[in-house]
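Colleague: Could you take me through this model?
Modeller: Gladly. Here it is.

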Amino acid sequence: AMTSKDHIELAERYGAHNYHPLPVVIERAERVWVWDVEGNRYIDMLAAYSALNQGHRHPAIVQALVDQASRVTLTARAFHNDVIGPFCKELCEFTGMPRVLPMNSGAEAVETAVKAARKWGYTKKGIPDGKAEIICFANNFHGRTTTVVSFSTEPQYRAGFGPFTPGFVLVPYGDAKAVAAAITPNTAAVLVEPIQGEAGIVLPPAGFLAELAAACKRENVLLIVDEIQTGFGRTGKAFCFQHEEVVPDVIILGKALGGGMLPVSAIAATEEVMGVFHPGDHGSTFGGNPVACAAACAVVDAIDHDLLANVVARGTQLADGLRSFRRVKEVRGRGLMLGAVLDGDAGEVVDACRANGLLALSAGSNVLRLLPPLVVDSEEVEEALGILVEFLR
């Protein structure tokens with residue numbers, strides 16, 4: 001049988017070197033636990049960057065996927081299928097938006113939002129052709145396509161990949177006044193993460209989203225909220241923007257929408273925004289495929305009051321535990337989206353945790369990122385804290 005070392009060597013030999021994964025080879029998984037090829041057990045405190053909110057192999061989502069796969073998996077969008085209508089209705093009801101447009105990856109959903117905002121700017125706001133601007137924030141992360149890295153401030157994401165797509169204006173995150181000052185008659189939209197994930201679990205000041213929403217309304221600018229990592233219960237509400245009771249024009253969805261089974265993404269938007277799309281304007285062969293729709297419906301069904309209450313309770317338990325450790329300078333986040341700011345290198349802690357049965361990652365050099373599945377229970381949080389205490393006390 002192949003060892004973990006064998007598997008890693010094979011991937012290194014035949015795969016592109018665009019990732020440097022932790023040296024663990026996962027063979028099977030259940031709920032919050034994963035096992036490597038040698039049979040070692042780990043608690044998963046990353047949950048695939050919040051794509052596994054329901055945990056690994058959630059039975060209802062697996063069942064929905066298997067049942068649908070035994071009937072029809074793909075019709076493309078040339079024909080109707082009997083799953084996309086119910087999926088769209090359910091996602092509209094869940095987001096509070098009147099229309100959705102399904103895609104596959106999160107980056108595709110961001111691209112869809114960018115296209116929608118630009119076309120809205122030209123056809124509804126009257127921005128001169130080719131002049132639309134979208135305001136984004138320093139240290140954002142919205143994906144890896146050429147257009148999306150065009151508005152990244154991370155040098156590595158851009159180096160060697162130009163020329164870049166124009167039309168994006170960058171302002172400091174959390175600074176509503178800077179946004180208001182950056183708005184011009186050519187501004188079509190503001191694109192914002194309610195919490196910046198890759199930047200190190202960075203929260204804006206209280207009231208920031210509400211101020212953004214007010215500025216957008218005043219200036220006839222779309223508010224686009226990227227909930228790819230924060231959505232579907234991660235922060236203790238269905239969506240993070242709901243903590244400030246704002247109503248965005250576009251919500252970008254991904255990651256957890258696929259239940260950790262397959263890539264499913266979407267934008268949910270107002271009638272006015274979604275009305276810019278006509279047959280042939282935009283699309284995707286696999287977007288809204290029957291298996292994706294079936295899995296996504298099961299995901300939405302699994303998010304209830306009890307799950308959200310668990311996120312709040314376990315998030316408090318985990319954050320309080322982390323704050324008691326000497327090496328933890330600050331704990332940032334909401335619900336089960338937490339970043340522990342350490343007094344030194346987080347990479348060393350990540351390695352030590354892995355060697356002792358806990359999988360987590362850093363976000364930046366000194367932030368330990370913890371995003372466990374939302375189904376984690378109090379004993380499991382205690383077990384994780386018991387491992388962490390070794391390296392953080």
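What follows is a short exchange on cysteines, a cavity and salt bridges.

Colleague: How many disulfides does the structure hold?
Modeller: Keep in mind that this is a predicted model. A disulfide needs two cysteine sulfur atoms within 2.5 Å. The closest cysteine sulfur to that of Cys92 is in Cys88, 6.5 Å away, so the two are too far apart for a bond. Across the structure, the number of disulfides is zero.

Colleague: Is Cys353 buried or exposed?
Modeller: Buried means under 20% relative accessible area. Cys353 has 1% relative accessibility, so Cys353 counts as buried.

Colleague: How many charged residues are in the lining of the largest cavity?
Modeller: That cavity has a volume of about 40 Å³. Its lining includes Asn140, Phe141, His142 and Tyr157. By class, four lining residues are nonpolar, four are polar, and the charged ones number zero.

Colleague: Which residue forms a salt bridge with Glu9?
Modeller: The partner lies in helix α1 (residues 4–14), as does Glu9, and the two are four residues apart, about one turn of the helix. The closest N and O atoms are 2.9 Å apart, and the partner is Lys5.

Colleague: How many residues apart are Asp281 and Lys119?
Modeller: Their side chains meet in a salt bridge, 2.7 Å from N to O. This pair links distant parts of the chain: Asp281 is in the loop between α10 (271–274) and α11 (290–302), and Lys119 is in helix α5 (residues 106–125). The separation is 162 residues.

Terms used
Residues are numbered from 1 along each chain as its sequence is written. This is a predicted model: local features need pLDDT of at least 70, side-chain atom pairs count only at pLDDT 80 or more; totals for chains, interfaces and linings use all residues. Side-chain values use heavy atoms; hydrogens and water are left out. Buried means under 20% relative accessible area, exposed over 50%, partly exposed in between (1.4 Å probe, protein chains only). On a 1 Å grid over the protein atoms alone, a cavity is a set of points where a 1.4 Å probe fits but cannot get out, and a pocket is an open set with protein on both sides within 12 Å along at least five of seven lines; lining residues have an atom within 4 Å of a point. Grid points are joined across faces, edges and corners, and a volume is the space filled by probe spheres set on the points. Ala, Val, Leu, Ile, Met, Phe, Trp, Tyr, Cys and Pro count as nonpolar, Asp, Glu, Lys and Arg as charged, and the others, Gly among them, as polar. A salt bridge is a side-chain nitrogen of Lys or Arg within 4 Å of a carboxyl oxygen of Asp or Glu.
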